[in-house]
Amino acid sequence: MSGTDEAIEALSVAAYRVPTERPESDGTLAWSATTMVFVRVRGAGVEGVGYSYSDRAAAVLIEDRLRDLIVGASAIRIGELHRRLFHAVRNLGQSGIAAAAISAIDIALWDLKARLFGVPLAVLLGLVRDEVPVYGSGGFTSYDEEEVETQLGGWVEEGMRYVKMKVGRDPKRDVERVAAARRVIGDDTELLVDANGAFSRKQALEAAEAFIRFGVTWFEEPVSSDDLEGLRLLRDRAPAGMEVSAGEYCWRPDDFRRLLEAGAVDVLQADVTRCGGISGLLQAAALCEAFHTPLSTHTAPAAHLHVACAALPVRHLEYFHDHARIEQLLFDGARVPVEGMLKPDLFRPGLGLQLKSKDAERFAL
């Protein structure tokens, strides 16, 4: 790096829509493709990259409203830029599409800064661990029992100590599906379930009592994350040994604070592609430390890996099937778990990612 205050010379954005292998669904939503909004920022001849899983509208927002706030600014004053970006969308709303757009930019800025200094992002942030445990995540409600068994069982064979499946689409079938999952993963693997807010409070309590028979240790969004009282009720009344988690739809620090102050979760979740990027996830981690609550990162494994190795309260990282597949498909440098652990490449600067441009072209919007 030639100086300590390099200017950002350019920002570009693209959107890619990648079809799923087959139709997928969870307790409240069905989908057949995933859209990645991809950002490049350039300064001093160095390029940083970032991305969010969102909608093409986030790319339009970056192009029309946010790019000019970044170009010409200092590449190392990320806190100032983060504040500037959120201020710029005040009248549009600082959650949803706007937060996803800012997250992609913020990740790219941190990647650029680390590359300018010639170090991996985890080193720039300050390593607290060399690798992070992952949990295999999928088991979609659109899968039949055989597909759930094959996917979850495959992760266990690869050495993962935690696996997660979706529930809530058809509560009558959930117990059978969870029982099938337990049979194939054995007794030594933790089984996590995610309802995506599909249940009412009483339905969730009934489901918790049924799931505990199969050793389920994690119940994610048993009710809507907007229902803080309901989450607290589930946390208080769930069987011993079953944790309640939520937080993937937190966009700003106040969203995390409300969950924590309400005592609504045993484990907080944060998504770097939604909560304001690396900067936002570090804020969530600081809140977790203040509330003595563990943190788990949500989806987007390649985007989370370095910050997960630098944030003290992180327990594990979600190795979400769709995003892991896309990142392997579109990025050179995307890491794969070994014996249930994901480890950053400390010989590559920044996030260690490079877009496979030719492979990505066919998915461009």
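Contact here means heavy atoms within 4.5 Å. With that in hand, the predicted model can be walked through in two parts, beginning with a sheet and the helix lying over it.

The sheet is an open one, built from 3 strands in the order S1-S2-S3, and the pairing is antiparallel. At its edges sit strand S1 (10-25) and strand S3 (46-53), each of which pairs on one side only. Neighbouring strands in this sheet are turned against each other by 20° on average, ignoring direction. As for how S1 is held to strand S2 (residues 30-43), the two run antiparallel and 12 bridges join them. To pick out one residue along the way, Val13 has Val39 in S2 as its bridge partner. Then there is helix H1, covering residues 56-70, which lies across S1 and S2. Relative to S1, helix H1 runs at about 160°.

Further along the chain, Ser296 is worth a look. This serine belongs to strand S10, made up of residues 295-297. Ser296 counts as buried because its relative accessibility is 0%, and the cut-off for buried is under 20%. Who are its neighbours? Leaving aside residues up to four places away in sequence, Ser296 touches Tyr135, Trp218, Val267, Leu268, Gln269, Ala270 and His316. With His316, the link is a side-chain one: a polar contact of 2.9 Å joins the side chains of Ser296 and His316. In short, Ser296 is a buried residue whose side chain has a polar contact with that of His316.

Terms used
Residues numbered from 1 in each chain as written. Predicted model: local features only at pLDDT ≥ 70, side-chain atom pairs only at ≥ 80, totals over all residues. Heavy atoms only, no water. Pairing = 2+ DSSP bridges. Helix = DSSP H or I, 4+ residues; strand = E, 2+ residues; numbered from the N terminus. Axes fitted to C-alpha atoms, helices over the stretch in contact; angles between N-to-C directions. Buried < 20%, exposed > 50% of the residue type's maximum accessible area, 1.4 Å probe, protein only. Polar contact = N/O pair within 3.5 Å; in protein donor to acceptor, adjacent residues only side chain to side chain.
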